[in-house]
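Please look over the structure shown here, and then use the briefing below as a guide to some of its features.

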Amino acid sequence: MIPAMVASVETMLERWRQNEVKETEVFQEFKVLTCEIISRTAFGSSYLEGKNIFDLLARMASIVSRNNFKVGIPGIRKFLKTRDDTESEELEQGIRDSIIKLINRREEGLLMAIHSDWQDKAREEVLKLFGKQNPSPDGIGRLKIMSMIINESLRLYPSVFNITREVQKEVRLGKIIIPEKMAVCLPILAVHDNSQVWGEDAHFFKPERFADGVAKATKNNTSGFFSFGSGPRSCVGLNFATTEIKIALSMILQNYKFTLSPTYLHSPVHILTICPQYGLQIMLEAL
Ligand code: HEM
């Protein structure tokens, strides 16, 4: 898994090296990177081969996002389909077909840019552990400053901004009684921003709050930090995602200093995940 991630980051950095312009739109770059890593690790192919699947998934994501809180009339929805219902069925079939094709073939064969002090600290840690070599599995587990930065970034900008659960049996929460079968929405973003859990500086980027772990950062309210969900249905990709982020950031820090471009406009939007509406333009300075 790690060599595939390193190879994908190398491909991205090679593209950056050939780019004459210093400004790079990294949101798109990171989208391509994550798709390529998933393609390589799951299907053994490259991003371009999996591109069709990711295009279909992006269209599916915008339909899901549009219809997230729409309630259909039970029974009738099966017969009276909306345009989105029909399109999502077609997309689902397209995604299934493409994945099966890929599997068959395989069987044959923003925040660090603003807070430059934390960027410097992270680079120092990376250079101490890896020098200019590619990240090693052992060193990845020892990236403490970077873990604090990742936690703080995911606290302020959790990619998934809420999760839902169905109540198994009636339960009392303080003065509220929640009946059986009720769907409950857990607003990750709101909890991550709550000053009762995080203190008065909840809105500020302060990775140091995670220096002694999540329990200390949340004043022993560990469920107050749940960017990867919580309980038995929490994110199965947690280790995959954090390893990928650590490898990508380490290799970028080894090669570049970066600052936010003056063209960047801060406008996070929720399109299934939280993302920058107008992209994320940064200025790269080769080291
Ligand atoms: C920064 C990256 C990621 C974040 C913030 C994230 C966050 C989440 C969250 C909040 C949930 C819902 C958990 C819950 O309901 O308690 C979830 C579920 C899930 N995630 Fe992730 N995720 C990330 C990356 C990934 C990756 C890379 C993969 C796959 C390789 C993945 C696979 C899954 C799966 C399969 C579930 C459903 C688990 C279940 O229902 O049992 N995630 N993720």
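Of the 16 residues around the ligand, those that come nearest are Val160, Gly229, Cys235, Gly237 and Ala241, where a residue counts as near if its C-beta atom, placed from the backbone, lies within 6 Å of the molecule. This is a predicted model, in which local features need pLDDT of at least 70 and side-chain atom pairs count only at pLDDT 80 or more, while totals for chains, interfaces and linings use all residues. Residues are numbered from 1 along each chain as its sequence is written.

**Around the ligand**

- The shell of residues around the ligand divides into eight nonpolar, seven polar and one charged, with Ala, Val, Leu, Ile, Met, Phe, Trp, Tyr, Cys and Pro counted as nonpolar, Asp, Glu, Lys and Arg as charged, and the others, Gly among them, as polar.

**Helix 6 and its two sides**

- Helix 6 covers residues 116-130, and its end C-alpha atoms are 21 Å apart, which agrees with the 21 Å that its 15 residues should span at 1.5 Å a residue, the expected span being 1.5 Å times one less than the number of residues.
- Helices here are DSSP runs of H or I with at least four residues, and strands are runs of E with at least two, numbered from the N terminus.
- Trp118, Gln119, Ala122, Arg123, Glu125 and Val126 of helix 6 are buried, meaning that 20 or more other C-beta atoms, placed from the backbone, lie within 10 Å of their own (12 or fewer makes a residue exposed, and anything in between partly exposed).
- These buried residues cover an arc of only 160° around the axis, which puts them on the same side of helix 6, the arc being that of the directions from the helix axis to the C-beta atoms.
- The face turned away from the buried side of helix 6 carries the exposed residues Asp117, Glu124 and Lys128.

**Packing of helix 6 against helix 8**

- Helix 6 and helix 8 pack at an angle of about 140°, with their axes 8 Å apart; axes are lines fitted to C-alpha atoms, for helices over the stretch in contact, and angles run from 0 to 180 degrees between N-to-C directions.
- Trp118, Lys121, Ala122 and Glu125 of helix 6 make the contact with Ile145, Met146 and Ile149 of helix 8, where contact means C-beta atoms, placed from the backbone, within 7 Å.

**Positive phi angles**

- Lysine 181 has a positive phi of about 75° although it is not a glycine, and it is exposed, with 10 other C-beta atoms within 10 Å.
- Asparagine 220, also not a glycine, has a positive phi of about 65° and lies in the loop between helix 11 (214-217) and helix 12.

How values were computed:
Two residues are in contact if their C-beta atoms, placed from the backbone, lie within 7 Å.
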